Amino acid sequence: MGCDGGTIPKRHELVKGPRKAVKVDKTAELVARWYYCTLSQEKLCRPIVACELGRLYNKDAVIEFLLDKSADKTPMEAASHIKSIKNVTELNLVDNPAWSGDKESKKGDTYDDIQSARFICPVVGLEMNGRHRFCFLRNCGCVFSERALKEVKAEVCHKCGVPFQEEDVIILNGNKEDVEVLKKRMEDRRLKSKLEKKSKKCKSAESAAQQVTTEDSPGPSKVKSTKDCIASGSGEKRQIVFTKSSDDKSSSVPGKVTKASTAPKRSIADSEEKSEAYKSIFTTHSSAKRPKEECSNWVTHTAYCF
């Protein structure tokens with residue numbers, strides 16, 4: 001009933017204990033992270049982009065991922081935080097002159113040196129093979145080693161001269177702690193951009209409302225005193241008078257003006273009555289001081305003038 005042929009089972013074959021953690025080859029892990037695209041698992045080729053968490057991608061793979069909106073699209077954890085092409089930065093990399101490329105390994109009978117990398121740091125000259133920590137600037141996309149930024153401290157990019165801050169430095173393929181810090185910065189940055197967009201929309205709406213109100217409201221009225229009047233060519237007179245509204249019980253507010261009704265034209269009878277009144281006034285004042293003869297002559301003269 002089993003164990004035929006002289007086989008002797010051992011204890012670890014019969015008793016199942018806890019599984020041992022599988023050890024991952026570090027060199028293979030470095031090659032996968034630094035030489036291959038995180039999204040498509042293909043070899044990195046220019047143009048190469050990096051996300052806000054420091055992962056490397058082929059730009060073509062990112063564009064295909066964003067354009068694919070089918071229902072059968074498999075969710076990718078490595079690219080779940082990439083919502084648009086603006087969330088990635090194209091890298092300005094410096095070629096390694098000592099790297100021969102894939103020309104010698106076409107037949108497959110040569111040894112591939114993993115230590116030699118395709119790109120290097122332009123300041124220190126370290127190879128970007130995963131043995132050294134590298135970072136890039138989010139403003140311009142230039143790539144440097146972390147040692148170069150620490151030794152040559154500056155607030156301007158060493159390659160293109162673009163100013164940057166500490167928050168703009170993103171570590172490439174960092175450890176878990178680095179990824180957590182970068183993720184927190186990414187969330188804060190996106191929240192800030194959303195608030196700025198909302199404030200801009202509110203300001204634009206307020207400005208549009210102010211323009212509408214200014215167009216609807218009339219300009220400032222030219223207020224004139226009650227003594228000023230406008231005489232038309234036909235002899236009519238218009239006068240501006242302060243008035244009080246019947247509904248308002250409070251005192252009259254200065255600044256509210258109303259136009260008085262235009263006076264009708266004078267008739268001939270009114271003019272004759274006024275002329276007789278003027279005659280009586282002049283005769284009474286002159287007769288008191290002058291003798292009778294002079295007064296009579298002066299009255300006849302004034303009557304003739306009128």
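1. Start with the core. The largest nonpolar core in this predicted model holds 42 residues, and the ones with the most contacts inside it are Tyr57, Leu91, Met128, Phe134, Val143 and Leu172. Strand S6 (residues 134-137) gives the largest share of this core, four residues.

2. Val143 is a handy place to look at the packing. Setting aside neighbours within four places in sequence, valine 143 is in contact with Leu91, Met128, Phe134 and Leu172, among others. Its contacts also include Asn92, Leu93 and Pro122, as well as Cys135 and Phe136.

3. Now the second largest pocket. Its volume comes out at about 420 Å³. The lining counts 16 residues, of which Glu146, Leu149, Lys150, Glu166 and Val169 are the closest to the centre of the pocket.

4. Which elements each supply at least two residues of that lining? They are helix H4 (146-151), strand S8 (169-171) and helix H5 (176-216). H5 provides the largest share, four residues.

5. As for chemistry, the lining of the second largest pocket splits into nine nonpolar residues, six charged and one polar. Worth having in mind if you set up anything there.

6. Last, a charged residue on H5. Aspartate 178 sits in that helix. Is aspartate 178 buried or exposed? Its relative accessible area is 15%, which is under the 20% cut-off, so aspartate 178 counts as buried. Beyond neighbours within four places in sequence, aspartate 178 is in contact with Arg133 and Ile171.

Notes. Residues numbered from 1 in each chain as written. Predicted model: local features only at pLDDT ≥ 70, side-chain atom pairs only at ≥ 80, totals over all residues. Heavy atoms only, no water. 1 Å grid on protein atoms, 1.4 Å probe; cavity = no way out; pocket = protein on both sides within 12 Å on 5 of 7 lines; lining within 4 Å. Points joined across faces, edges and corners; volume = space filled by probe spheres on them. Nonpolar A, V, L, I, M, F, W, Y, C, P; charged D, E, K, R; others polar. Buried < 20%, exposed > 50% of the residue type's maximum accessible area, 1.4 Å probe, protein only. Contact = heavy atoms within 4.5 Å. Core = buried A, V, L, I, M, F, W, Y, C linked by side-chain atoms within 4.5 Å.
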